[in-house]
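Please read this briefing alongside the sequence and the coordinates. The points are grouped by topic, so that each group can be checked against the structure in turn.

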Number of protein chains: 2
Amino acid sequence: MRSKKSRATSVDIAHRAGVSQATVSRVLRGSPLVNPETRQRVLDAVRELNYKVDHRASSLRTQRSGTLALLLFEDPTPDESHINPFFLSMLGSITRACAKHGHDLLVSFQQLSDDWHADYEDSMKADGLILLGYGDYVTYHSKLEQLVGQGTHFVRWGAVQEGQPGVSIGCDNFKGGQLVGEHLIERGRKKVAFLGNASAHSPEFFERYRGCDAALQRAGGGMQADLQVDAESEEKAGYAAAVSLLERGRPFDAVFAASDLIAVGAMRALTEHGRHVPWDVAVVGFDDIPMARFANPPLTTVAQDTVRAGELLVETLLRQVRGEATEAVMLPPELVVRRSSGAV
Amino acid sequence: MRSKKSRATSVDIAHRAGVSQATVSRVLRGSPLVNPETRQRVLDAVRELNYKVDHRASSLRTQRSGTLALLLFEDPTPDESHINPFFLSMLGSITRACAKHGHDLLVSFQQLSDDWHADYEDSMKADGLILLGYGDYVTYHSKLEQLVGQGTHFVRWGAVQEGQPGVSIGCDNFKGGQLVGEHLIERGRKKVAFLGNASAHSPEFFERYRGCDAALQRAGGGMQADLQVDAESEEKAGYAAAVSLLERGRPFDAVFAASDLIAVGAMRALTEHGRHVPWDVAVVGFDDIPMARFANPPLTTVAQDTVRAGELLVETLLRQVRGEATEAVMLPPELVVRRSSGAV
DNA sequence: CTGAAAGCGCTTACAG
DNA sequence: CTGAAAGCGCTTACAG
């Protein structure tokens with residue numbers, strides 16, 4: 001919107017360049033059906049009047065918005081509190097990937113309870129949806145089915161598993177858990193506690209748990225139910241979980257936290273309760289958020305490739321929008337060893 | 001976009017409800033000029049066909065998009081690297097504030113070098129722009145003037161100072177620097193090094209520097225030019241700056257880092273070079289990013305109220321879009337004392 | 001290679 | 001309270 005004279009339209013350009021409005025549109029869309037000289041006259045007029053195509057009009061006409069919407073779910077922490085740093089870095093890489101593909105990104109935080117399934121694409125604000133966030137998978141499921149039923153284009157970041165509505169991109173969480181298990185065994189740890197929800201409601205955490213268990217089993221051990229404590233992915237929850245683990249009084253020499261945020265909280269609790277990390281207890285997290293390097297001691301963790309993830313999400317969604325076939329992908333995790341799991 | 005039958009339009013609803021398309025529109029816009037019974041019939045049809053107003057069409061017609069665009073600048077780190085956590089949390093609070101005001105948020109990362117001044121609002125994708133990011137203020141300035149000249153609606157997060165194009169919301173950086181200076185003096189520190197650019201190119205950092213200087217002066221001292229080292233807001237830059245400070249061989253008993261990221265890097269360098277924080281050197285940062293609490297030792301810093309900042313930015317911009325008067329605001333900073341500046 | 005015309009899906013004076 | 005009509009600013013067959 002201009003303050004004085006209203007903004008130039010393609011008609012103004014046509015007038016100035018002495019052509020029809022249709023020709024202006026052809027030039028701006030890069031149609032080859034335009035005489036080079038005509039094209040130049042139009043381009044000159046465009047520059048002189050500082051003209052920009054009205055995105056709403058073109059999108060209304062073409063039925064393509066060139067916009068993707070990112071819906072970020074966060075259930076537990078309604079307001080104030082900080083967003084999970086892992087999602088923040090996903091947000092960063094998704095934004096970059098969108099730009100790279102010439103698309104705009106609409107960002108929106110959602111409560112899982114909201115009626116989100118019926119918004120952005122339905123209002124034609126976006127060509128497709130990217131769904132991101134932990135969330136109770138069971139609740140989630142029916143909404144996803146609704147999306148599929150509506151023919152909405154979407155991709156989801158999260159657990160990649162059978163019988164799931166829509167296309168998912170996710171980390172190979174089982175593999176990640178395995179890497180952790182193998183690492184702990186190598187360091188001589190046997191009794192591994194798990195901090196995080198380990199049930200079908202949180203399939204990502206559960207896979208991490210199962211992967212670690214598989215690795216321990218191969219070494220003749222296994223995860224113990226009495227060493228598992230539920231926790232959402234928050235520092236405070238990690239602290240609380242570690243405290244209640246200690247209260248149980250069962251011996252353990254390692255903690256596998258389902259996320260770095262949990263791990264950081266757990267390390268604080270352990271230290272405050274006189275357990276030395278890593279001498280008494282090795283601690284390993286998941287995600288490799290920026291904070292992990294700076295934790296005290298620096299946190300061993302499993303890195304997820306957020307840059308690749310962002311690109312894959314965007315590319316997959318765009319392919320879907322174009323009507324091409326798409327498939328689920330699991331990204332390989334990578335173990336990052338730091339001092340929190342140091343040798344005994 | 002639906003997979004099978006194409007999506008319902010207001011004409012379909014009109015047909016089903018036995019009214020004119022105009023009436024459907026009136027109902028959906030909440031016009032009082034509709035008979036309650038008619039309204040109900042329309043609403044029923046809307047529900048049955050799962051109809052949603054096409055946002056592009058309505059926005060084209062009303063000339064209001066209900067969308068704000070956030071342009072995030074990051075000059076030094078072109079790709080890969082992580083976005084400054086401080087901006088990430090601003091992003092979070094801006095997104096929340098937008099939702100609260102019923103607006104959508106378009107997010108875009110920009111290189112300062114890009115031709116950004118001419119994009120989102122010009123394409124009518126957004127009603128206004130929020131500008132966020134450190135950046136060389138001198139380069140910046142002329143682009144801002146262009147925006148003002150074009151009559152573009154925008155607010156900027158950053159230094160609040162005289163003769164600046166457009167409306168700015170920012171932290172009271174001078175005051176923040178003062179708090180740091182007073183705190184250090186109270187802890188018996190005299191020779192305060194400053195890590196960060198201290199010139200008109202980085203007015204935010206410069207104000208922090210000047211504020212600290214003012215506090216020291218009041219105590220009979222002052223900042224020393226030979227204890228100032230340039231640094232962008234990055235952990236690596238902080239590390240490098242601290243190393244070159246040490247190499248100068250001038251005595252100092254405190255470091256005021258222009259940002260937490262710089263402080264974290266500096267603490268690593270100091271520790272590696274045998275200086276104990278805080279015994280030998282007190283370290284103070286700025287921003288209070290999540291990482292600050294978990295740094296080793298936990299970092300004393302100046303907190304900026306990002307939640308309030310986000311709301312203020314959105315409210316101010318919306319007021320501007322509505323043609324109301326707006327003004328610059330400086331938010332009060334708050335000192336957060338942790339162990340990195342612990343008593344001698 | 002170019003123009004006239006229809007139409008994307010809404011909103012809103014204008015009549016009644 | 002309601003309908004018919006114009007128009008927001010584009011894109012794209014359809015003719016030529």
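What follows is a short lead and then bullet points by topic.

This is a predicted model, and it holds protein chains A and B together with DNA strands C and D, each strand being surrounded by 27 residues. Chain B can be laid on chain A with an RMSD of 0.1 Å, and chain A itself is divided into three domains, namely domain 1 (10–53), domain 2 (67–171 + 305–331) and domain 3 (173–304 + 336–341).

**How the two chains are related**

- The superposition of chain B on chain A takes a turn of 180° with a shift of 0.0 Å along the axis, and that is the relation of a two-fold axis.
- In chain B, the C-alpha nearest this axis belongs to B:Leu106, at 2.2 Å from it.
- Both copies use the same surface, in that 100% of the contact residues of chain B recur in chain A.

**Domains of chain A**

- The domain 2 assignment joins residues 67–171 to residues 305–331, while domain 3 joins residues 173–304 to residues 336–341.
- Taken over C-alpha atoms, the centres of domain 1 and domain 3 of chain A are separated by 62 Å.

**The surface near DNA strand D**

- Of the 27 residues that surround DNA strand D, the closest are A:Gln21, A:Ser25, A:Tyr51, B:Arg26 and B:Thr38; sugar and phosphate account for 61% of the atoms of this strand that come within 4 Å of the protein.
- Two of the polar contacts from chain B reach phosphate oxygens of DNA strand D: a polar side-chain atom of B:Thr23 lies 2.8 Å from one, and a backbone N or O atom of B:Asn35 lies 2.9 Å from one.
- A base nitrogen of DNA strand D, by contrast, lies 3.4 Å from a backbone N or O atom of A:Ala57.
- The elements that give two or more residues to this surface are helix H2 (21–29) and helix H4 (55–62) of chain A, together with helix H2 (21–29) and helix H4 (55–62) of chain B, and H2(A) gives the most, with five residues.
- By residue type, the surface near DNA strand D divides into nine nonpolar, eleven polar and seven charged residues.

**The surface near DNA strand C**

- For DNA strand C, the closest of the 27 surrounding residues are A:Arg26, A:Thr38, B:Gln21, B:Ser25 and B:Arg61; here sugar and phosphate account for 63% of the strand atoms that come within 4 Å of the protein.
- A polar backbone atom of A:Ser20 is 3.0 Å from a phosphate oxygen of DNA strand C.
- Arg61 of each chain approaches a base of DNA strand C through a polar side-chain atom, with A:Arg61 at 3.2 Å from a base nitrogen and B:Arg61 at 2.6 Å from a base oxygen.
- H2 and H4 of chain A, together with H2 and H4 of chain B, are the elements that give two or more residues to the surface near DNA strand C, and the largest share, five residues, comes from H2(B).
- The residues of the surface near DNA strand C divide into nine nonpolar, eleven polar and seven charged.

**Backbone geometry to check**

- Most residues other than glycine have a negative phi, and most peptide bonds are trans.
- In chain A, a cis peptide bond with omega of about 10° joins A:Val277 and A:Pro278, and A:Pro278 lies in the loop between helix H10 (260–272) and strand S9 (282–284).
- In chain B, the peptide bond from B:Asn296 to B:Pro297 is cis, with omega near -5°, and B:Pro297 is found in the loop between helix H11 (290–294) and strand S10 (301–303).
- B:Gln63 has a positive phi, near 65°; this residue sits in the loop between H4 and strand S1 (67–73) of chain B and is partly exposed, with a relative accessible area of 38%.
- B:Met124 also has a positive phi, near 60°, but B:Met124, which sits in the loop between strand S2 (104–110) and strand S3 (128–132) of chain B, is buried, with a relative accessible area of 6%.

**A buried helix position in chain B**

- B:Ala266 belongs to helix H10 (residues 260–272) of chain B and is buried, with a relative accessible area of 0%.
- Leaving aside neighbours within four places in sequence, B:Ala266 is in contact with B:Leu195, B:Gly238, B:Tyr239 and B:Ala242.

Definitions and conventions
Residues are numbered from 1 along each chain as its sequence is written. Chains are lettered from A and ligands numbered from 1 in the order in which they are written. This is a predicted model: local features need pLDDT of at least 70, side-chain atom pairs count only at pLDDT 80 or more; totals for chains, interfaces and linings use all residues. Side-chain values use heavy atoms; hydrogens and water are left out. A residue is near a molecule or strand if one of its heavy atoms lies within 4 Å of it. A polar contact is a pair of N or O atoms within 3.5 Å; within protein, one must be able to donate a hydrogen and the other to accept it, and residues adjacent in sequence count only if both atoms are side-chain atoms. Helices (H or I, at least four residues) and strands (E, at least two) are DSSP runs, numbered from the N terminus. Ala, Val, Leu, Ile, Met, Phe, Trp, Tyr, Cys and Pro count as nonpolar, Asp, Glu, Lys and Arg as charged, and the others, Gly among them, as polar. Domain bounds come from an automatic or database domain assignment. Copies are superposed by least squares on the C-alpha atoms of residues with pLDDT of at least 70 in both. Contact means heavy atoms within 4.5 Å. Buried means under 20% relative accessible area, exposed over 50%, partly exposed in between (1.4 Å probe, protein chains only).
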